[in-house]
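Here are my notes for you to read beside the structure, set out as numbered points. Please keep the view open and look up each part as it is mentioned.

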Amino acid sequence: MKKIVVMAFAMAALSACDSEPKFKVEGEVTGAEGKMLYLEASALEGIVPLDSVKLNAGGAYTFKEARPESPEFYRLRVEDKIINFSVDSTETVRINAGYDNFATDYTVEGSPSSEKIKELSLKQLQLQNKVDELYRAMQAHSIGVDVFQDSLTAMMKRYKDEVKIRYIFAAPNTAAAYFALFQKVNNYLIFDPLNSRDDIKCFAAVATSLNNYYPHANRSKNLYNIVIKGMKNTRTPQQQTLELPEQVQVSETGVIDINLRDLKGNAHKLTDLKGKVVIVDFTVYQSAVSASHNYMLRDLYDKYASRGLEIYQVSLDADEHYWKTTADNLPWICVRDANGVYSSVAAAYNVQNLPTLFLVNRNNELSARGETIKDLDAAVQKLL
C-alpha cells in the first residue's frame with residue numbers, strides 16, 4: 001500500500017511539472033543528418049544551454065521549455081550557425097531552415113517579434129559585410145582613408161536612422177525593439193547607451209515601455225539602469241567655467257596643447273611631441289565604428305611611425321575599464337578625458353562628431369582637421 005502511495009505522489013509531481021505553462025519551438029532542419037541542434041537561452045548573464053537533439057534524415061525537431069514571465073530571447077544553433085528568436089507566451093514558434101544557409105535562409109512562423117528579429121539580423125549581417133568590404137578596399141588602397149571614414153560614418157547613420165524609425169520608436173514595447181538596441185558591428189554596439197545622447201533616447205523609449213508592461217522583469221530593471229547611467233554620463237554640466245583648465249592650454253605656436261594621463265597614470269603633453277607629425281584623434285572606443293577607425297589608424301602608424309608619425313588618441317569613453325582594456329593593445333599614445341562628451345579638451349578643438357582627427361606638423365602647429373583632408377595618407381606623407 002505504501003509503494004502505491006509513493007508512486008501516486010511521484011506521478012502527481014510529474015503531472016504538475018508537465019502542466020506548467022510551456023512554449024514550443026519546432027520545425028525541420030534539412031541537410032543536417034547526424035548533426036546536433038541546440039536550444040539555448042540568450043540570458044542577461046550570457047548563453048545558457050537548455051536542450052539538444054541529434055537530427056535525423058528528415059530533420060524534424062521539437063523543444064518545450066517553461067514559459068518566461070516576460071519576453072525573453074532564445075536561439076537555435078547548429079555548430080557555429082545561429083538563429084535568434086523571442087518568446088513572450090505559451091506560443092508555438094515554427095522555424096524551418098536548411099543546414100547550408102541555416103542562419104540566413106530560414107522561415108519563422110507564430111511569432112511576429114521573431115520575424116522582426118530575423119529582419120534585423122539580416123540587416124545587421126548586410127551592414128557588417130559592407131563595413132568589411134569598405135575596410136578591404138581601404139587596405140588595398142582602392143579608396144583613400146577619407147573616403148573610408150566618410151563612407152563608414154554615412155553607412156552607420158543610415159542604418160541607425162532606419163532601425164530607430166522602423167523597429168524602435170515604431171514599437172518600443174516589443175522584443176524586436178529590445179533586440180535592436182544590442183546589435184553589434186565589429187563586436188561593438190551600434191547604438192551607444194553611454195556616450196550618445198541620441199542613442200540613449202532609443203534605450204529610454206524601450207526601457208519605459210518594458211517597465212510599464214513588466215516592471216519586475218530583470219531585463220526591465222537592467223535596461224532602466226543602463227539609461228540612468230547614460231543620462232548621468234551625458235548630462236550637461238550646470239556650471240561652465242570660462243577659464244581653460246590645466247589640461248588645455250594654447251602654446252606660443254598656436255597649437256591647442258593637451259595634457260592627459262595614459263593607462264598607467266603618466267601625463268602626456270601634446271607639445272612634448274614637437275618634431276613629430278602627430279595625428280590627434282578624439283574617439284569613443286565603445287562605438288561601432290571604433291574598430292574600423294583604429295584599423296585605419298594602425299595602417300598609417302605601421303607605414304609611417306619609423307619616419308616620425310605619432311598618434312595622440314583621446315578617449316571620451318564613459319567606461320574607464322573598457323577604455324583600458326581596448327587601449328592596452330594599441331601602440332600609440334592613448335589618454336582619456338574622464339569628462340567624456342563634455343570634455344573641455346574636445347570643446348577647445350570644436351569636436352562635433354566622434355571620431356574626429358587633426359593633423360599637427362613637426363613645428364607643433366595645427367595643420368588640418370579631418371573633414372578638410374581629402375586624402376589622409378597623402379596629407380601625412382606631405383608633412384613627413
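1. A good place to begin is Met-296, which, leaving aside residues up to four places away in sequence, touches Tyr-135, Met-138, Val-145, Phe-148, Gln-149, Leu-357 and Leu-376. Please keep in mind while reading that this is a predicted model.

2. Met-296 belongs to the largest nonpolar core, which has 58 residues, and together with Ile-279 and Leu-376 it touches the most other members. The element that gives the most to this core is helix H3, covering residues 145-168, with nine residues. Apart from this core lies another one of 23 residues, including Phe-63, Val-87, Val-93 and Phe-102.

3. How do helices H2 and H7 lie against each other? The axes of H2 and helix H7, the latter spanning residues 290-304, come within 11 Å and cross at roughly 10 degrees. Angles under 35 degrees count as roughly parallel, and therefore H2 is described as roughly parallel to H7. On the side of H2 the contact is made by Val-131, Tyr-135, Met-138 and Gln-139, and on the side of H7 by Ser-292, Tyr-295, Met-296 and Asp-299.

4. Helix H7 also packs with H3, at an angle of about 175 degrees and with the two axes 11 Å apart. Since angles over 145 degrees count as roughly antiparallel, H3 is roughly antiparallel to H7. Here Val-145, Phe-148, Gln-149 and Leu-152 in H3 meet Ser-292, His-293 and Met-296 in H7, and Met-296 is thus named once more, having already appeared in the contact between H2 and H7.

5. Turning to the strands, one open sheet is formed by four strands in the order S3-S2-S5-S6, with antiparallel pairing. Its edge strands are S3 (46-54) and S6 (81-87), each of which pairs on one side only. Neighbouring strands of this sheet are turned against each other by 25 degrees on average, when direction is ignored. Helix H2, residues 112-139, packs on the sheet by touching S5 and S6, and the direction of H2 makes about 145 degrees with that of S6.

6. Within that sheet, strand S5 (residues 72-78) is joined to S6 by seven bridges, and the two strands run antiparallel. If you would like to follow the pairing residue by residue, Tyr-74 stands opposite Phe-85 in S6, while Leu-76 has Ile-83 in S6 as its bridge partner. The hairpin of S5 and S6 has two residues between the strands, and in this hairpin Glu-79 takes a positive phi near 55 degrees.

7. Why can S6 be called largely enclosed by the rest of the structure? Five of the seven residues of S6 are buried, and this is the reason for the description; a residue counts as buried when its relative accessible area is under 20%.

8. A second group of four strands also forms an open sheet, in the order S4-S1-S7-S8, and here the pairing is mixed. The edges are strand S4 (60-66) and strand S8 (106-109), each pairing on one side only, and the twist from one strand to the next averages 15 degrees. Strand S7, residues 92-98, runs antiparallel to S8 and is joined to it by four bridges; Asn-96 has Thr-107 in S8 as its bridge partner.

9. Some backbone details in the loops deserve a careful look. His-141, in the loop between H2 and H3, has a positive phi of about 65 degrees although it is not a glycine, and it counts as exposed because its relative accessibility is 52%. Asn-350, in the loop between H9 and S17, is another residue other than glycine with a positive phi, near 55 degrees, and with a relative accessible area of 43% Asn-350 is partly exposed.

10. The loop between helix H9 (344-348) and strand S17 (356-360) also holds Pro-355. The peptide bond leading from Leu-354 to Pro-355 is cis, with omega near -5 degrees.

11. Finally, for the protein as a whole, there are ten helices and 18 strands, and the C-alpha atoms fill a box of roughly 100 × 50 × 40 Å along the principal axes. Of the 384 residues, 45% are buried. The protein exposes about 19900 Å², of which carbon and sulfur atoms supply 49%.

Terms used
Residues numbered from 1 in each chain as written. Predicted model: local features only at pLDDT ≥ 70, side-chain atom pairs only at ≥ 80, totals over all residues. Heavy atoms only, no water. Core = buried A, V, L, I, M, F, W, Y, C linked by side-chain atoms within 4.5 Å. Buried < 20%, exposed > 50% of the residue type's maximum accessible area, 1.4 Å probe, protein only. Contact = heavy atoms within 4.5 Å. Pairing = 2+ DSSP bridges. Axes fitted to C-alpha atoms, helices over the stretch in contact; angles between N-to-C directions. Areas by Shrake-Rupley, 256 points an atom, 1.4 Å probe, with all protein chains shown as cover. Parallel < 35°, antiparallel > 145°, perpendicular 65-115°, else oblique.
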